[in-house]
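Subject: Structure handover

Hi,

Here is the structure for you to look over. My notes follow below it.

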Amino acid sequence: MRNILITGGAGFIGANFVRYWIGAHPDDRVVNLDALTYAGNLENLGGIDSLPSYRFEHGDINDRECLDRVFTGEGIDTVVHFAAESHVDRSILGPDAFIRTNVHGTFTLLEAAKAAWGDFSGGQRFLHVSTDEVYGSLDSGEPAFTETHPYAPNSPYSASKAASDHLVRAYHHTYGMPVLTTNCSNNYGPYQFPEKLIPLMILNAVEGKPLPIYGDGGNVRDWLYVTDHCEGILAVLRSGRPGESYNIGGECEKTNLQVVDTLCDILGRLLPADSNKQLVARRFSDYRQLKTFVPDRKGHDRRYAIDAGRIRTELG
Ligand code: NAD
């Protein structure tokens, strides 16, 4: 039985993880600490919020007093750290919040855990959720990222996540903190904020709005279903070697254009274009006609791909 602190549990992956964890470990105590930024939504946790084993704490990972209160008051022995600013486009327009939350917030959380956990003899675990974007961009044909791929973050978002990964690693090396880091690829699934590719395209298409595609649409991402990601995190938490990092990917590389075309085709079956008044009004017979190519994102990474060999071999 664990007392687990999940940060960022009102966001996309965090909310899926809270649901997944409670389903898998109904006897554990779960505290979800989230600042409820634009990306956090308590409706993602509908049905969970009334469970006696679950508590929501409206707090910021930069607030050391709040963290100390939670660690001590709840006897936290496990941390799964999702809280972050997560949208690359926003990091290009305003990097400050990314440095504050992703770098300083992670540092404050590490400090609070270190203070609460003493000599780490109580079987504690601190799992930090990071991204494949820290490795930079791959050319087509280059081998996928392994855990030893050099860090080369290209956006303020990925640079801030890389900085947090280094801090987490240092707390293991210097203080012996039992940390684990996971670097995952692009997640998809329920409760994702509709600024990200898949929900944005679905909602725009339903409303007959343009489907904006950066550049030539040829950027490649490795898509991972969010519950598969949650299972991977659980495996790392249970059996991962402290101080190590584990890549988690779906082995499902797709260009943005392939993703959007697939969504258009699925939508065409679920909500035929000739029954969608918005499309009929625009004289469109196919959702693909909504695709609009827009100027590329600044510094847009061309391709990410995860080699999930370590997690498969070591943790099954
Ligand atoms: P999200 O943006 O949907 O949710 C982030 C959550 O963190 C929100 O609920 C927000 O309110 C909360 N938060 C932000 N700042 C906070 C602060 N200072 N204190 C407390 N809470 C705060 O993000 P997501 O897509 O669920 O991503 C979760 C984690 O996974 C992030 O660390 C992200 O870097 C990483 N990740 C995500 C993806 C992906 O495809 N979504 C891929 C790789 C890695």
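One convention before the results: Ala, Val, Leu, Ile, Met, Phe, Trp, Tyr, Cys and Pro count as nonpolar, Asp, Glu, Lys and Arg as charged, and the others, Gly among them, as polar. On that split, the shell around the ligand holds 13 nonpolar, twelve polar and three charged residues.

This is a predicted model, where local features need pLDDT of at least 70, side-chain atom pairs count only at pLDDT 80 or more, and totals for chains, interfaces and linings use all residues. Residues are numbered from 1 along each chain as its sequence is written, and side-chain values use heavy atoms, with hydrogens and water left out.

The ligand site

There are 28 residues around the ligand (a heavy atom within 4 Å of it). Ile13, Asp34, Ser86, Tyr157 and Lys161 come nearest. Helices (H or I, at least four residues) and strands (E, at least two) are DSSP runs, numbered from the N terminus. α1 (12-24), β5 (125-131), α5 (156-175) and β7 (186-188) each supply at least two shell residues. β5 gives the most, with three.

Polar contacts are pairs of N or O atoms within 3.5 Å. Three to check:
- Tyr157: a polar side-chain atom, 2.6 Å from a ligand oxygen.
- Asp60: a polar side-chain atom, 3.0 Å from a ligand nitrogen.
- Thr37: a backbone N or O atom, 3.0 Å from a ligand oxygen.

The ligand taken alone exposes 840 Å² (Shrake-Rupley, 1.4 Å probe). The protein buries 96% of that.

Helix α7

The buried residues of α7 (under 20% relative accessible area, 1.4 Å probe, protein chains only) include His229, Cys230 and Leu234.

Best wishes

Note on methods. Polar contact = N/O pair within 3.5 Å; in protein donor to acceptor, adjacent residues only side chain to side chain. Buried < 20%, exposed > 50% of the residue type's maximum accessible area, 1.4 Å probe, protein only.
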